[in-house]
Protein chains: 2
Amino acid sequence: MLWLYFRIFFLRMNKREFKDKVYGELAKVSKAMSNPHRLEIIDLLAQGPFTVEDIASYTGLSVANASQHLQTLKSSKLVKISRNGNYINYSLAGENVFNAWTALRELGLVYNAEVGKTVNEFRAGFGDMDCIDADQLSKLVEEDKVILLDVRPEEEYNRGHVHRAISMPIEQLGAKLKNLSKSKTIVAYCRGPFCVYADDAVALLKKHGYKAQRMKEGFPDWALKGYPVDQ
Amino acid sequence: MLWLYFRIFFLRMNKREFKDKVYGELAKVSKAMSNPHRLEIIDLLAQGPFTVEDIASYTGLSVANASQHLQTLKSSKLVKISRNGNYINYSLAGENVFNAWTALRELGLVYNAEVGKTVNEFRAGFGDMDCIDADQLSKLVEEDKVILLDVRPEEEYNRGHVHRAISMPIEQLGAKLKNLSKSKTIVAYCRGPFCVYADDAVALLKKHGYKAQRMKEGFPDWALKGYPVDQ
DNA sequence: AATCTATTCAATAATTATATTGAATAGATT
DNA sequence: AATCTATTCAATATAATTATTGAATAGATT
């Protein structure tokens with residue numbers, strides 16, 4: 001025991017100790033992300049701050065369980081909190097968290113056959129679901145060739161949205177449908193590639209005779225790529 | 001049980017099932033990375049293929065244990081194998097693996113105080129260790145203002161190295177030192193920010209009166225950034 | 001065909017992660 | 001000051017991860 005303190009205080013760190021420490025700390029960060037529910041929470045928080053209650057309800061977790069997962073994320077510095085009245089708002093600790101999540105997501109989509117297969121199967125359940133990626137869409141937006149719908153809750157739209165997009169929360173789309181012109185293709189986007197709001201929107205639009213597509217990615221991906229954002 | 005099969009085969013996947021599956025698969029990928037030894041292995045394999053034996057010896061693991069970790073990485077499609085005589089060579093499954101590792105590394109370095117602190121403390125043990133990052137270095141290389149030393153094993157240099165760099169494996173540096181001019185600053189680089197070859201090189205060079213720095217990142221980071229590469 | 005050897009497997013014990021439950025807490029609101 | 005409530009904590013049982021050991025295997029080499 002004394003010897004340990006001696007090493008720590010008086011000897012310089014040796015190479016193996018250094019590597020064990022560094023890779024060990026990074027593994028802790030990775031471990032904090034290595035849970036389905038926590039990944040879903042990170043993906044949600046990419047939209048902005050949410051309360052524990054909202055997070056629990058969106059992810060289908062009990063409040064206590066959501067809270068515990070949030071504690072795990074917080075102690076790894078992946079999320080931060082701010083209080084608002086009785087509520088505590090959780091949000092991502094910074095841009096690097098979303099970057100790491102995106103890198104993991106792409107890794108899964110490219111090398112893990114299950115992920116791609118699951119997404120395709122799910123989309124197939126909606127009939128022929130046309131997707132357009134952010135890069136292609138950015139050109140169409142520039143040329144004003146599409147109507148863009150942000151089908152996330154209005155609060156998220158207000159925090160920032162794709163240039164020229166209209167706020168059309170999915171639960172209002174049915175009622176407001178008649179105001180939409182059929183002259184242009186409609187592109188809906190939402191929180192991310194695993195968010196189903198845009199799928200629901202496209203299905204509804206197609207049912208009413210519109211030409212509709214969804215953006216493959218979500219708003220945070222669009223913003224990260226540096227494409228024009230309003231608000 | 002029968003009901004389960006019914007759901008799987010005849011009903012389309014519901015939203016919760018879809019999300020559970022997607023985030024679950026991605027969490028598996030993340031879990032495969034969430035171990036200190038496996039992160040070190042990924043970091044090593046970013047240089048190219050290595051045998052189980054070499055990986056075990058470099059990381060200080062038993063062969064059986066290294067093999068098990070490699071199986072974990074392989075079954076998550078993070079690494080692939082190719083046979084060479086009696087040996088099996090492991091290498092990264094593709095560029096996205098390195099991207100994800102880099103994103104995690106940056107995440108740790110920025111938000112986890114322990115990681116940065118450990119690196120700084122370790123470097124401090126070498127005296128005043130000057131670091132230069134790839135972006136700054138790229139300009140100096142372009143203007144031919146530095147002597148660049150690749151202090152990794154020669155085999156790795158041969159697979160690809162920074163434009164204009166000289167191969168100078170760390171264990172040969174002492175003997176070949178006298179051939180190096182003192183007219184320019186010497187910059188050493190190695191496998192990555194947690195590799196100590198470049199630190200050893202800089203320490204040795206400074207001891208002999210050279211002006212020396214290490215590149216903060218490693219060769220794979222240089223290449224990923226699109227800076228000039230030879231071979 | 002027999003041998004050799006790098007790698008993998010299987011079994012084990014010890015450690016760590018997880019969801020659930022119900023109680024505790026902190027800090028607004030009244 | 002008392003009450004209220006969103007959030008956290010603590011305890012628990014179950015499940016998953018890990019390093020070690022020694023045996024098994026696959027596929028080169030002889």
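Visitor: Which residue takes a positive phi in the hairpin of S2(A) and S3(A)?

Guide: In this predicted model, Gly85(A) does so, with phi near 65°. The hairpin of S2(A) and S3(A) has two residues between the strands.

Visitor: How many bridges join S2(A) to S3(A), and in which sense do the strands run?

Guide: The general idea is that strands of a sheet pair through backbone hydrogen bonds, either parallel or antiparallel. Here S2(A) and S3(A) run antiparallel and are joined by six bridges. One position can be followed by eye: Ile81(A) has Tyr90(A) in S3(A) as its bridge partner.

Visitor: In what order do the strands of this sheet of chain A stand?

Guide: The order is S1-S3-S2, in an open sheet of three strands with antiparallel pairing. Strand S1 (50-51) and strand S2 (79-84) of chain A each have a single partner strand, so one side of each lacks a neighbour in the sheet. Between S1(A) and strand S3 (residues 87-92) of chain A there are two bridges, again in the antiparallel sense. Within that pairing, Thr51(A) is found opposite Asn89(A) of S3(A).

Visitor: Which helix packs on the sheet, and which strands does the helix touch?

Guide: Helix H5 (residues 63-75) of chain A does, touching S2 and S3 of chain A. The direction of H5 makes about 120° with that of S2(A). As for side chains, the general idea is that in a regular strand they alternate between the two faces of the sheet.

Visitor: Let us turn to the contact between the chains. How many residues of chain A are in contact with chain B, and what area is buried between the two chains?

Guide: On each side the contact can be counted: 57 residues of chain A touch 57 residues of chain B. About 5,200 Å² is buried between chain A and chain B, and carbon and sulfur atoms give 67% of that area. In chain A, the residues that lose the most area to chain B are Phe18(A), Tyr23(A) and Tyr111(A), which together account for 14% of what that side buries.

Visitor: How many aromatic pairs does the structure hold, and where does Tyr23(A) enter?

Guide: Over all chains there are 13 aromatic pairs. In one of them Tyr23(A) is stacked with Trp101(B), at 6.0 Å centre to centre and 25° between the planes. This pair crosses between chains, from helix H2 (residues 15-33) of chain A to helix H6 (residues 95-111) of chain B.

Visitor: Are Tyr23(A) and Trp101(B) buried or exposed?

Guide: Tyr23(A) has a relative accessible area of 4% and is therefore buried. Trp101(B) is also buried, with a value of 0%. An edge-to-face case is offered by Phe122(A) and Phe126(A), whose planes are 70° apart and whose centres are separated by 5.3 Å. Both of these residues are buried. In addition, one aromatic cluster is formed by Phe18(A), Phe122(B) and Phe126(B).

Visitor: Which charged residues sit over rings?

Guide: Among them is Lys182(A), whose charged end is placed over the ring of Tyr210(A), 5.0 Å from the centre. Arg191(B) lies over the face of Tyr58(B), 4.6 Å from the ring centre.

Visitor: Where is Gly209(B), and is Gly209(B) buried or exposed?

Guide: Gly209(B) is in the loop between helix H11 (197-207) and strand S9 (212-218) of chain B. Its relative accessible area is 52%, so Gly209(B) counts as exposed, the cut-off being over 50%. Gly209(B) lies 8.1 Å from Lys182(B), C-alpha to C-alpha, while the two are 27 residues apart in sequence.

Definitions and conventions:
Residues are numbered from 1 along each chain as its sequence is written. Chains are lettered from A and ligands numbered from 1 in the order in which they are written. This is a predicted model: local features need pLDDT of at least 70, side-chain atom pairs count only at pLDDT 80 or more; totals for chains, interfaces and linings use all residues. Side-chain values use heavy atoms; hydrogens and water are left out. Rings of Phe, Tyr and Trp (its six-membered ring) pair if their centres lie within 6.5 Å; planes under 30 degrees apart count as stacked, over 60 as edge-to-face and the rest as tilted. Helices (H or I, at least four residues) and strands (E, at least two) are DSSP runs, numbered from the N terminus. Buried means under 20% relative accessible area, exposed over 50%, partly exposed in between (1.4 Å probe, protein chains only). A charge sits over a ring if NZ of Lys or CZ of Arg is within 6 Å of the ring centre and within 35 degrees of the ring normal. Two strands pair if DSSP finds at least two bridges between them. Contact means heavy atoms within 4.5 Å. Axes are lines fitted to C-alpha atoms, for helices over the stretch in contact, and angles run from 0 to 180 degrees between N-to-C directions. Buried area is the accessible area (1.4 Å probe) that two parts lose on being put together, summed over both.
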